[in-house]
Amino acid sequence: MEDVTVIIQGRLYQESYDYYIKTYKGFKVIISTWIDNTIDFKNLPDNFKVILSPYPKETGGQNLNYQITSTLNGLEAVTTKYAIKVRGDEYWSNLESVLNRIKHSPNKLHTSSVYFRAWSHMQYHISDHMIAGTTKNMKVMFESSKYNFDNKLITYLKNGVPETYWEPELNLTRSYLMAKEPDKFGRVDGRILMREHFDILDVNLLKPYKIKVNLFKVEFYDNFIPEQNYSISTINQLFSDDPYNISKI
């Protein structure tokens, strides 16, 4: 897999690291984690590279700035055309299928379905558990998100007072669309822009996996069902009146 790099970002767990070492032998891999890392890297494979960074001063809601910073630090070291960002406390398999999807639709960013919210539930909410695409587009997303975070440009009105969004996914989505479609964002139906610029990966093709949801204190091992977890499986469900099939439950 010479044309793709896997970026493992954020705090690294031993279970995840062991799985990556065993599974990602055919990929270029960058581990972008923090200076207080405790994982032993002395037998690191040649296809792996480690970046240790200090924590940014501001965390952001749900550690948004940690995700942005560690991902950007990893992207700066990428030399391949494509990149796949995963989290250091999770793991995924069959990334060849992800690369195939990117190559089939290189103008889109591809994410998992894990808490990719329906439009009627929460607007502009992609999933950030896995994000993949061309390295160029990945940089656009995280550089624009960093700029907007630092300058507090992603806001909403609460009792007439601008408040920053605390959902990381909203910041990532809105920042990317603002950068890619400056003349359309806010003027064109956001669902249309999201369908044009994003797609959703079939989580069943990525087994075995471990998904860790810190906010809800739950973990999934090969058993995440999108609609039963208020997530959508296909991008066209953004336009559905019953995206989670609630009427059928």
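This report describes helix packing, salt bridges and some local backbone features in a predicted model.

**Helix packing**

Two packed helices are described by the angle between their axes and the distance between the axes. Helix H2, which covers residues 64-75, packs with helix H4, which covers residues 135-150, at an angle of about 140 degrees and with the two axes 10 Å apart. That angle makes H2 oblique to H4, and the crossing in which H2 passes H4 is left-handed. On the side of H2, the contact is made by Leu 64, Asn 65, Gln 67, Ile 68, Thr 69, Thr 71, Leu 72 and Leu 75, while H4 contributes Thr 135, Met 138, Lys 139, Phe 142, Glu 143, Ser 145, Lys 146 and Phe 149. Sorted by class, the residues of this contact of H2 with H4 are seven nonpolar, six polar and three charged.

Helix H4 also packs with helix H5 (residues 168-180), here at an angle of about 110 degrees and with the axes 8 Å apart. With that angle, H4 is roughly perpendicular to H5, because angles of 65 to 115 degrees are placed in that class. From H4, the contact takes in Asn 137, Val 140, Met 141, Phe 142, Ser 144, Ser 145 and Asn 148, and from H5 it takes in Asn 171, Leu 172, Ser 175, Tyr 176, Met 178, Ala 179 and Lys 180. The residues of the contact of H4 with H5 comprise seven nonpolar, six polar and one charged. Phe 142 and Ser 145 of H4 take part in the contact with H2, and Phe 142 and Ser 145 are likewise listed in the contact with H5.

**Salt bridges**

Side chains of opposite charge can pair when their charged atoms come close. The structure holds 10 salt bridges, and the table gives some of them with the N to O distance.

| Acidic residue | Basic residue | N to O distance |
|---|---|---|
| Glu 15 | Lys 210 | 2.9 Å |
| Asp 89 | Arg 87 | 2.9 Å |
| Asp 199 | Arg 101 | 3.0 Å |

The salt bridge between Glu 15 and Lys 210 links distant parts of the chain, with Glu 15 in helix H1 (residues 14-23) and Lys 210 in strand S10 (residues 210-213), 195 residues apart. Which partner of this pair is buried and which is partly exposed? Glu 15 is partly exposed, with a relative accessible area of 38%, whereas Lys 210 has a relative accessibility of 3% and therefore counts as buried.

In the salt bridge of Asp 199 with Arg 101, distant parts of the chain are again linked, since Asp 199 belongs to strand S9 (residues 198-200) and Arg 101 to helix H3 (residues 95-104), 98 residues apart. Asp 199 is buried, with a relative accessible area of 15%, while Arg 101 is partly exposed, with a relative accessible area of 26%. Elsewhere, Arg 87, Asp 89 and Glu 90 are joined into one network by salt bridges that share partners. Within this network, Asp 89 is buried at a relative accessible area of 7%, and Arg 87 is buried at 15%.

**Local backbone features**

The peptide bond that runs from Lys 207 to Pro 208 is cis, with omega near -10 degrees, and Pro 208 is found in the loop between S9 and S10. Tyr 115 is not a glycine, yet it has a positive phi of about 60 degrees. Tyr 115 lies in the loop between strand S5 (109-111) and strand S6 (130-134), where the residue is buried, with a relative accessible area of 8%. Asp 222, although not a glycine, has a positive phi of about 65 degrees. The place of Asp 222 is in the segment after strand S11 (218-221), and Asp 222 is partly exposed, with a relative accessible area of 32%.

**The surroundings of Ser 53**

Ser 53 lies in strand S3, which covers residues 48-53. Its relative accessible area is 8%, so Ser 53 is buried. When neighbours within four places in sequence are left aside, Ser 53 is in contact with Thr 33, Trp 34, Ile 35 and Asn 73.

Note on methods:
Residues are numbered from 1 along each chain as its sequence is written. This is a predicted model: local features need pLDDT of at least 70, side-chain atom pairs count only at pLDDT 80 or more; totals for chains, interfaces and linings use all residues. Side-chain values use heavy atoms; hydrogens and water are left out. Axes are lines fitted to C-alpha atoms, for helices over the stretch in contact, and angles run from 0 to 180 degrees between N-to-C directions. Helices (H or I, at least four residues) and strands (E, at least two) are DSSP runs, numbered from the N terminus. Angles under 35 degrees count as roughly parallel, over 145 as roughly antiparallel, 65 to 115 as roughly perpendicular and the rest as oblique. A crossing is left-handed if the near helix is turned anticlockwise from the far one by less than a right angle, and right-handed if clockwise. Contact means heavy atoms within 4.5 Å. Ala, Val, Leu, Ile, Met, Phe, Trp, Tyr, Cys and Pro count as nonpolar, Asp, Glu, Lys and Arg as charged, and the others, Gly among them, as polar. A salt bridge is a side-chain nitrogen of Lys or Arg within 4 Å of a carboxyl oxygen of Asp or Glu. Buried means under 20% relative accessible area, exposed over 50%, partly exposed in between (1.4 Å probe, protein chains only).
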